[in-house]
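Let us walk through this protein step by step, beginning with its charged side chains and moving on to its rings and its surface.

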Amino acid sequence: MDSIYFLIMVALAALAIADLVVGVSNDAVNFLNSAIGSKAISFRTIMIVASIGIACGAIFSSGLMEVARKGIFNPGQFYFDEIMFIFMAVMITDILLLDFFNTLGMPTSTTVSIVFNLLGAAVAMALIKIGAQNGNFSDVINYINTDKAIEIIIGILSSVVIAFSIGAFVQWVSRLLLSYDFQKKPKWTGAIFGGIALSAITYFILIKGIKGTPFADQTYGFINGMTIKDFLETQVYGVVVVNFMIWALISYVLIMFANTNIYKLIIGVGTFALALAFAGNDLVNFIGVPIAAWQSYEAWVVSGTPASEFSMEILATKVETPTLLLFISGMIMVATLWFSKKARYVADTEINLSREGEAKERFQPNYLSRSLVRYSIAVSEWITSIVPPSVQGAIDKRFKKPVINLSKDKVLHLPAFDMIRASVNLMVAGILISVATSYKLPLSTTYVTFMVAMGTSLADRAWGAESAVYRVAGVLNVIAGWFSTAIIAFIAAGTILTLISFGKGAAIAILLFAAVLLLVRNYISYNKKTKEIKVEDRLRRAESSSIQGVIEESAANIANAVKRSNRIYSNSINGLAKQDLNFLKKNKKQSSKLSSEIEDLREHTFYFIKNLEEAHIGASNFYINAMGHLTDMSQSLEYIGKVSFNHVYNNHKKLKYNQIKELKEIDQKLQEIFDRTQETFEKKSFDKIDAILNSKQELYDLVLQKIDRQVSRTRTEESSPKNTTLYFSLLLETRDLMTAMMDLLEQYYQEYDSSVPPAKIEQEQ
């Protein structure tokens, strides 16, 4: 039996490495987003600066592992075997939970995850012990460090509101003072802002960096016999004032004599600071449990006491973590930062939620987001009504965004936000984390950095009428994910602990195998999804300003849409024929995806028209009509995919043999048209459109013939109302699909050869 604990240690070592990888993938959002979103410095430089910060933070993290040993539960209440089972349950749950959120691209808190994993597993083990001893279940509080657990939970939750509010206030004041033309302001304003920001960030580095170093607790004569840590925490105002004066002077010198962009320097230093804090603060979340298990194992081996009798009071004492382990952990974190695709996927979520202007909105509005936006608009209108117009005008002028004029052939990828907002994000996050650390208040770096970014976005008017409801929905989704992290972690860790407690080695082996399978499955699924996004021909926005340019540029879009329409229609018919529910479900998703992409193109209409030159204004009508025909096609396909899926999903009677045969006959004829159309647009052989249009009447006649046959069957032999409804729906939507496609072809052919008179569109009844 004793050998099982050695195997547990081996498993925990492997789980520690895996947890480092998934943890960094999730938390990289904390320190990368401001620099990446502002594009102040190159991506390579950002990664190098962040890597140095992570390495330094990890190496100086010794002594920060107490939360895993005694922060949540009272270790003296548990024996060695129970503690090892708790740690194993916590690590398995933590890895799976964080990887799940990474795959979704949702930033969550590794601190909340580890805290509630420990809490759930410890409570479950305590209940098992109490039950075995026929004790009172209310005694569970004796096993849990309730005061510390409640303090951590309240601190984490309150940081959400505080970070959002302070971030919004500081950004509003900064924009009011500096406006969007901050580069044109007198140089002394940049020096003062640089002094404030850099002194705040430097103090943050000192508080978070010095705390874990060996010399932090040593006394020094030049600071009146105080330790460095005590000096920094007690002489806050003196340190801050001196810090500000030094950095303001340095900033002024750099601006005046080296022509330095002080905002870039702030972003670079701030990125380093948050990366250092992340490694120093959150490393405990990844390796704290395995290290505590290793130190427990060492103590148990030396004691010679049976595992079920060896009390774990040793965990209540402070034990330094070997520097070598910290160094190895830091290197793994740095490697993950460079190579993890999921880290950048998670980062995209926050950047897009805080982006200025147009962005691909990932989240759909909900009742709560609409209500909050509606309420906020009402409050804003009330405030506007009581503020004098002259004051309101002056404020609006400070928030007026610069207009960027580009030549028509120039493409510019604008940053998500400017350097002022990026600097405020880093400065405020650093200040809040520093203050919390000074007063020994627990918080989540993920919650703080995310909510600061959301607060600055709101204050900076990045959430306009066009995007507010989507952005608020996104923030609410992320916050809901945070709460679900706590609930899922608590329940899952408790459940896994229970399985391990009763199943021992066999349960651990099965759970580890299942965890590996899930991680591999998520990895394969994510890679497959990423490759599909890259490989699949997505519909591209038109940038040309003339009709001929739009025709040439959109040919690939039409070929792509026709190819996918062909596949979706055929899959619907084949899925019905085989009664294959999963096949129809996937096909339904593909039709919805096509509709979504076409809708994105329609939303681009405003920007397309704004880009047009006066001489080519006719291209707007062509673009609008083309989008209308594509939308009609996608709506017909979406309806066909939906009714086909619902018919099989609801277990209705199969379509009859003759019905399937007739639908496949139509599908075969339609495939020929789709294939010819796809080839025509891929090769831009628009002169061949005429031959395709000539087959229009034949298609209409074929569909009408099938409608007449079904009418006859219904009157004489058909006994299923659902089958009849489905069959007529498919035929009518097929006709609408063909009409929309033929209208699109006629539009292109007419513009290609203006000598061809507009073809008359026959309306089939």
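A residue is called buried when its relative accessible area is under 20%, and this cut-off is worth keeping in mind while reading the model, which is a predicted one. With a relative accessible area of 0%, arginine 175 is therefore buried.

Side chains of opposite charge can pair when their charged atoms come close. In the whole structure, a search finds 11 salt bridges, and arginine 175 takes part in one with aspartate 418, where N and O are 2.8 Å apart. This pair links distant parts of the chain, since arginine 175 belongs to helix 6 (residues 146–178), while aspartate 418 lies in the loop between helix 14 (389–398) and helix 15 (419–438), 243 residues apart. Aspartate 418 counts as buried too, at 16% relative accessibility.

Arginine 175 also meets aspartate 460 in a salt bridge, at 2.7 Å from N to O. Because aspartate 460 is found in the loop between helix 16 (445–459) and helix 17 (468–535), whereas arginine 175 lies in helix 6, the pair ties together parts that are 285 residues apart in sequence. Aspartate 460 is buried, with a relative accessible area of 1%. Taken together, Arg175, Asp418, Arg421 and Asp460 are linked in a network of salt bridges. The charged end of arginine 175 has a further neighbour, for it sits over the ring of tyrosine 180, 3.8 Å from the centre of that ring.

We can turn now from charges to rings, of which 10 aromatic pairs are counted. One of them joins tyrosine 297 and tryptophan 300 in a tilted arrangement, with 5.9 Å from centre to centre and 45 degrees between the planes. These two residues are three apart in helix 10 (residues 262–303), and they are therefore separated by about one helical turn. Both tyrosine 297 and tryptophan 300 are buried, and ring pairs link them with Tyr5 and Phe80 into a cluster.

What, finally, forms the nonpolar patch on the surface? It is made of Trp188, Ile192, Ile196, Leu249, Tyr252, Val253, Met256 and Phe257, which together have about 810 Å² of accessible area. Helix 7 (187–210) and helix 9 (236–257) each supply at least two residues of the patch, and helix 9 gives the most, with five. Phenylalanine 257 has its place in helix 9, and because exposed means a relative accessible area over 50%, its value of 69% makes phenylalanine 257 an exposed residue.

Key:
Residues are numbered from 1 along each chain as its sequence is written. This is a predicted model: local features need pLDDT of at least 70, side-chain atom pairs count only at pLDDT 80 or more; totals for chains, interfaces and linings use all residues. Side-chain values use heavy atoms; hydrogens and water are left out. Rings of Phe, Tyr and Trp (its six-membered ring) pair if their centres lie within 6.5 Å; planes under 30 degrees apart count as stacked, over 60 as edge-to-face and the rest as tilted. Helices (H or I, at least four residues) and strands (E, at least two) are DSSP runs, numbered from the N terminus. Buried means under 20% relative accessible area, exposed over 50%, partly exposed in between (1.4 Å probe, protein chains only). A charge sits over a ring if NZ of Lys or CZ of Arg is within 6 Å of the ring centre and within 35 degrees of the ring normal. Patches are made of residues with over 30% relative accessible area and no salt bridge: like charges are joined within 9 Å, nonpolar side chains (Val, Leu, Ile, Met, Phe, Trp, Tyr) within 5 Å. Accessible areas come from the Shrake-Rupley method with a 1.4 Å probe; for residues, only the protein chains shown count as cover. A salt bridge is a side-chain nitrogen of Lys or Arg within 4 Å of a carboxyl oxygen of Asp or Glu.
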